[in-house]
Amino acid sequence: MPKFNPTAPYTTTSMKYADKDKYKTDLYPKDLFTKLEFDKIQELLTAKCVSPMGKELVAAMNLTANPDEILQQLRQTHDFKQLQLFEEQGFPAGNYLDLKEEIMLLGVENSALNEQQFFRVYQVLKTVEEIVRFFAGQQNERRQKYPHLFAMLERLTLSKELLHELKLVLDDNGKVRSDASKELLQIRRSITARFSDLERKFNAIIAEYKKYGWLTDSAESIRNGRRVLAVVAEHKRKVKGIVHDESGTGSTTYIEPEATVYLSNEITELQQAEKREIFRILRQLTQQARPHLPAIKQYRQILGLLDFVRAKAMFAIDTNASMPRLSSDKSMEIFNARHPLLYLKNKTLKKRTVPLTFSLSIADRLLVVSGPNAGGKSVLLKTVGLMQVMLQTGMLIPADDHSILPVFRNIFVDIGDEQSIENDLSTYSSRLRNMRYFTEFANAKTLLLIDEFGSGTDPALGGAIAEAILEYLNKKFCYGVITTHYSNIKVYATNTPGIINGCMLFDHANLQPLYKLDVGKPGSSFAFELAVKSGLNDALIQNAKSKVNAEYKEFDELLSNLQREKQAVIERERIAAQKEEQYQKLLTEYTAKNETLEQNRKKILLEAQQKAQAYLEDANRKFENMVREWNENKEEKTIIKKIKAEIEADKARLSEEVEELKEVIYFKKSGKPIDIDSLVQVRGSNEVGRVLELRKNMAIVQFDQIKTHISTKELEVVERAEPKKESSSYNANLYNTLQVKSEFKNNIDIRGMRREEALKAVEDLLDKALMLSVGEVKIIHGIGDGILRRAIRDLLKNYRAVKSVSDEEPQYGGAGVSIVELN
């Protein structure tokens, strides 16, 4: 292990990162941390620090654009997080003391540290000793588990000589030991002896004066560091000695007895000698510690860094943060990101935080987000900004660990109202000032975060200026997220390469935001819907609608309808994927069961063949014995009777075995017409049932314990058949059954059909669903006048297997879709 160089700069990163200006970042405005609420994260980090040094580093946090430095800090924090989560013996975290004052005194010639200061140095050295021991040993598994944390401390060594000297001088309570020098030991022994003499003398005086009643109940006290008698004032002339004090009422006089003055004086002199000797020892110890000053400085620095990294790791645990990957091509892919402050708040309230997933790429660098107010646009903006700031300050981010983020040289933010009466600056003027800075200094290494783009002035003019600025920034190949309500910006984003639209989803039925981002199309502001929810007078709302430009109104309604339809499609895709997963699971289960059944069938046939072979051999043996006995005893009728009885017994035993084997039943198509009591199979299925009733083109069939209505077109009559040597047809039937299940769609759209046609389609869907054991089907019939819906509901009442019928969720069709749950 390389030796620790106490004079070398010691940071969380190597010396190759010393050129800070090369990777300096430009943050705008100056209060960007406040705009993004990163200052609140710093407050939480500060609270987790146990040392002033760690808190100083939190306060000094700034962004770096050096990918290597960022990666190393992320790895160190990740290692510490893993250590905190999985290491039973926690990392040493006690006595991270700030030795700033001690370091300053050690740098002054002829100065001396006092007992308390040396004890603080001693405690820090003990902490360093524990840290070194934590990673000690070449075979220590922690070096492999936490390689980046170990690399950070690999050169750290303990000043054992200084620690030894401190142990010789200080006891466990931080006081100078009596045996620190011979002189101090002798002085303290003398002090102890004199105190013993004083105790005996004082006790004798108290006992004598108490007999005379000269003393108060307390008898004695301490005044001016001297032991004195508490004498009743009227008897003070009777006690010889030195008066040190009297009580506030004048009823008690405190007198040092003449007989103990000498002893007290001697003790005082010895105590002064003790102080001089302690000072001499500490000054000598200071001289011995002074060569270790560089190491002590580094201990202070490394403990501060460890405290800082530990605080980041603890915050990562609180926010369920992970280490993302760094992008090499400026692409950004964030999966399930959560605003850390919102996540912590919701965690306290036991509420779920809706995660954010989105991406930026070279092809789509700028994301224009629209949608209703209070729909989550600003939270999205701040979440993206915080992810980037946390990354470039070496913090793990609250998102999935396969998220990918780039490194930006510039981060420009325009969030909130910067109106200033003092500077005669309006809201829109402040926004224009920000845009001037953006257009002047933004480049391909810039991340822009702009809230309510173009707002603050006349919408038509403000929208035009915003569009021009967006066009200019796009030509500079900036990256960013921009929120807006302006339609011209949405249209421009739709038609312009490099820019992509996105919207915050909205629950149309409940008129409330869903806080989910949908990338690829713009969104409506839902102004009228929110006005309805707010309780605004309906006449006012209708009047407002009549005043809206027809083309704009049509455009906004189109956005709203597109969003609603896309949500429905997404939900259908989700359900389809879920069903596909269920079908694949069923297919696996059926395949496994088929293999087991086939193995059992072969086993049964093999056992039957083996038994038959054994019976044949036994019969042949008995026949030979019969022939031999017949030849030997041709006239014995008893032999014939015996043989006949054995043959009959064998026949009975064979009949029993055959009956057992009949439990393995095989079926084949009979070609007969369907009738009551017919054995039938659903086409493509291997399950066999018995027909109980026939009603026109419908049959009621009993499958085990289940009765169900099935179209006769879906049934075929079967009959028992002898077992075949090969099981290929059986496997084919099973495969066909599974294929039918995997291809079966549990929903049907009957909009536009005639009533009879629609009812027939629904009957077919239910028949197939019941035979395939499908638990739920969806019938899309639309709303209209409700005639088709009522007819469907009436039909469903005739099915015993229908457990319940309900409307779909409002955002996915509501009363226009019926959800049928089957037993």
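Isoleucine 748 has isoleucine 779, in strand 23, as its bridge partner. Before I go on: this is a predicted model, where local features need pLDDT of at least 70 and side-chain atom pairs count only at pLDDT 80 or more, while totals for chains, interfaces and linings use all residues. Residues are numbered from 1 along each chain as its sequence is written, and side-chain values use heavy atoms, with hydrogens and water left out.

That bridge belongs to the pairing of strand 22 with strand 23 (residues 776-780), which is parallel and has three bridges. Strands here are DSSP E runs of at least two residues, helices are H or I runs of at least four, and both are numbered from the N terminus. Two strands pair if DSSP finds at least two bridges between them.

Now the sheet. Its four strands run in the order 22-23-25-24, the sheet is open, and the pairing is mixed. Strand 22 (747-749) and strand 24 (802-807) are at the edges with a single partner strand each, so one side of each has no neighbour in the sheet.

Next, the helices on the sheet. Helix 23 (residues 755-771) touches strand 22, strand 23 and strand 25 (817-822), and its direction makes about 165° with that of strand 23. Contact means heavy atoms within 4.5 Å; angles run from 0 to 180 degrees between N-to-C directions, and axes are lines fitted to C-alpha atoms, for helices over the stretch in contact. Helix 24 (residues 787-796) packs on the sheet too, touching strand 23, strand 24 and strand 25.

Last, a helix pair elsewhere. The axes of helix 10 (residues 182-212) and helix 11 (residues 258-289) come within 9 Å and cross at roughly 160°.
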